[in-house]
Amino acid sequence: MSEELQSGIVKKFLYINRRAPHGTNYAQEGLEVALIGAAFDQDVAMAYLDDGVFQLKSGQDTKAIGTKNFSATYRALGDYDVKLVYVERESLERRGLSEDDLMPLVYEDEDDDWEEKPLIHVVSAGEMQKIISESDVLLNF
Amino acid sequence: MLHVVNKSPFEKNCLESCVRLSQAGSCILLIEDGVYGALFNGEASEEIQTCLKDRKVCVLGEDLQARGIESDRIMSGVEVIDYAGFVRLAVEHPKVQSWL
Amino acid sequence: MKFAILVNEGPYTHQASDSAFHFTQAALEQGHQVIRVFFYHDGVNNGTRLTTPPQDDRHVTNRWSELAEKHDLDLVVCVAAAQRRGVVDEDEQKRNSKDANNIADGFRISGLGQLIEAGIQADRLVTFGD
C-alpha cells in the first residue's frame with residue numbers, strides 16, 4: 001500500500017449508476033470499480049437511479065446473448081463491506097417496477113452477531129438528493 | 001455542488017435527473033451537447049427556468065460557439081463561461097457531479 | 001488545489017477526451033495541480049500510439065502525451081479495461097504473450113486502485129464521459 005493510503009483519510013464514495021445493464025458495459029465495469037474500491041477502507045455506498053435500477057432486476061440470464069452474466073456479482077457487494085445500496089423509488093415506479101422485482105441483496109452485520117440484513121434501501125428523490133450532496137467523491141457509471 | 005450535464009435534453013434524461021436530484025444553492029453547468037438545454041425557446045427552458053429560481057445555471061461558451069448557438073439564443077439568467085470559468089466553478093464547489 | 005480527472009470515452013467518437021484535455025489545460029494554467037488523469041472504459045483507447053488522424057485534425061493522443069511531458073502529468077490507463085480493448089505496454093505484452101505493444105508516450109497501465117487513490121488524494125474529481 002502506498003503512503004497516501006496510510007494517511008487515514010476516509011471519504012464517502014458514492015457510485016451513481018444510471019444506465020441499464022447489457023446494452024453497454026458501463027454497469028459491469030462500474031461494479032468492478034466499486035468492488036476494488038471497497039478494499040481501500042473508505043465509506044462506500046451505491047446509488048441506482050434512472051435506468052440504473054434495471055441493473056438490480058432479479059432473474060437476469062445472459063446465456064442466450066452470450067455475454068458475461070455479471071448480475072450475480074451484485075450479491076458480493078455485502079461481502080465487500082458495502083452496506084448501503086440506495087435505489088430511487090421514483091425511478092422504479094416510472095419503469096413499472098417495485099422493490100419485489102429486485103435481487104434480494106444482503107450483508108452480514110458483524111456488530112449484530114453476523115445477522116443477515118438487507119442492503120437495498122428504496123429512497124425518495126428528496127432523500128437521494130441529500131445522499132448525493134453528502135457524499136465526498138461521486139463516480140458515475 | 002457543481003453539476004455538469006453533457007447531453008442534449010432532446011435525446012437523454014440527464015438534465016431532467018440533474019434538476020430532480022440537485023439541491024438549492026448548487027450550480028448546473030451545461031457542456032458539450034448539454035448546451036442545447038440552454039436554448040431560450042427549447043423544450044427544456046421550463047426546467048431551466050425552475051432551476052434559475054434557486055440554482056445558478058451556466059453554459060460553456062466554447063461548446064456554444066462550436067455549435068453555432070449565438071448568445072441571443074440563450075435563456076436570460078444563464079451565464080456563459082469559458083474553460084477557465086469551468087475550473088473556477090469546480091474550485092468554488094466542493095464536489096463535482098457529472099450526469100453522464 | 002489538487003484535481004483528478006477521469007476520462008471514460010475514447011478519442012474521436014465522443015467529445016469527452018477533448019473536454020477533459022481543455023479542462024486539464026485550463027486547471028494547469030491557473031496554477032492548480034492535476035495529480036492524475038485516469039482512463040477507464042473505452043477511455044483506455046486514448047493511450048494507443050498507433051492512431052493516425054488526418055493532418056488537419058487534432059491528434060488526441062499526442063496532445064495528451066505532450067501535455068504530460070510539459071507538466072509531468074500522470075496518465076494512467078486502467079489495466080482491466082485495457083486488456084479487454086487491446087491497449088498493451090511492454091509488461092503486459094510479456095505477461096500475456098502478445099506480439100506487440102502500443103502504449104503511447106507518457107501513459108502507463110495500472111490498476112483501478114489508482115482511480116480510488118486519486119479520489120482520496122484529490123480535492124476534486126472531475127469525470128468526462130458519455
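**Notebook: C:Thr48, the C–A contact and helix α2 of chain B**

I began at C:Thr48, whose side chain is joined to that of C:Asn102 by a polar contact of 3.5 Å. I note at the outset that this is a predicted model, and I read each of the entries below with that in mind.

*Entry 1, C:Thr48.* I placed C:Thr48 in the loop of chain C that runs between β2 (33-39) and α2 (60-71). Is C:Thr48 buried or exposed? I found a relative accessible area of 11% for C:Thr48, and because buried means under 20%, I recorded C:Thr48 as buried. Besides C:Asn102, I looked up where else the side chain goes, and I noted that it reaches the backbone nitrogen of C:Leu50 at 3.1 Å. When I set aside the neighbours within four places in sequence, I found C:Thr48 in contact with C:Thr61, C:Asn102 and C:Ala104.

*Entry 2, chain C against chain A.* I turned next to the contact between these two chains, to which chain C gives 21 residues and chain A gives 24 residues. The area buried between chain C and chain A came to about 1,800 Å², and carbon and sulfur atoms account for 58% of that area. I counted three salt bridges between chain C and chain A, and I looked up the one in which the side chains of A:Glu29 and C:Arg85 meet, at 3.0 Å from N to O. For polar contacts between chain C and chain A, I noted ten residue pairs, with both residues at pLDDT 80 or more. Which elements of chain C give two or more residues to the side that touches chain A? I listed α3 (79-85), α5 (113-121) and β5 (124-128) of chain C, and I marked α5(C) as giving the most, with seven residues. Sorted by class, the side of chain C that touches chain A has ten nonpolar, six polar and five charged residues.

*Entry 3, helix α2 of chain B.* Finally I went to α2 (residues 45-54) of chain B, where I found B:Ser45, B:Ile48 and B:Cys51 buried. These residues cover an arc of only 115° around the axis, and therefore I put them on the same side of α2(B). On the face of α2(B) turned away from its buried side, I noted the exposed residues B:Glu46 and B:Lys53. What do the buried residues of α2(B) pack against? I wrote down α1 (14-21), β2 (27-30) and β3 (56-60), which belong to chain B.

Terms used: Residues are numbered from 1 along each chain as its sequence is written. Chains are lettered from A and ligands numbered from 1 in the order in which they are written. This is a predicted model: local features need pLDDT of at least 70, side-chain atom pairs count only at pLDDT 80 or more; totals for chains, interfaces and linings use all residues. Side-chain values use heavy atoms; hydrogens and water are left out. Contact means heavy atoms within 4.5 Å. Buried area is the accessible area (1.4 Å probe) that two parts lose on being put together, summed over both. A salt bridge is a side-chain nitrogen of Lys or Arg within 4 Å of a carboxyl oxygen of Asp or Glu. A polar contact is a pair of N or O atoms within 3.5 Å; within protein, one must be able to donate a hydrogen and the other to accept it, and residues adjacent in sequence count only if both atoms are side-chain atoms. Helices (H or I, at least four residues) and strands (E, at least two) are DSSP runs, numbered from the N terminus. Ala, Val, Leu, Ile, Met, Phe, Trp, Tyr, Cys and Pro count as nonpolar, Asp, Glu, Lys and Arg as charged, and the others, Gly among them, as polar. Buried means under 20% relative accessible area, exposed over 50%, partly exposed in between (1.4 Å probe, protein chains only). The arc is that of the directions from the helix axis to the C-beta atoms.
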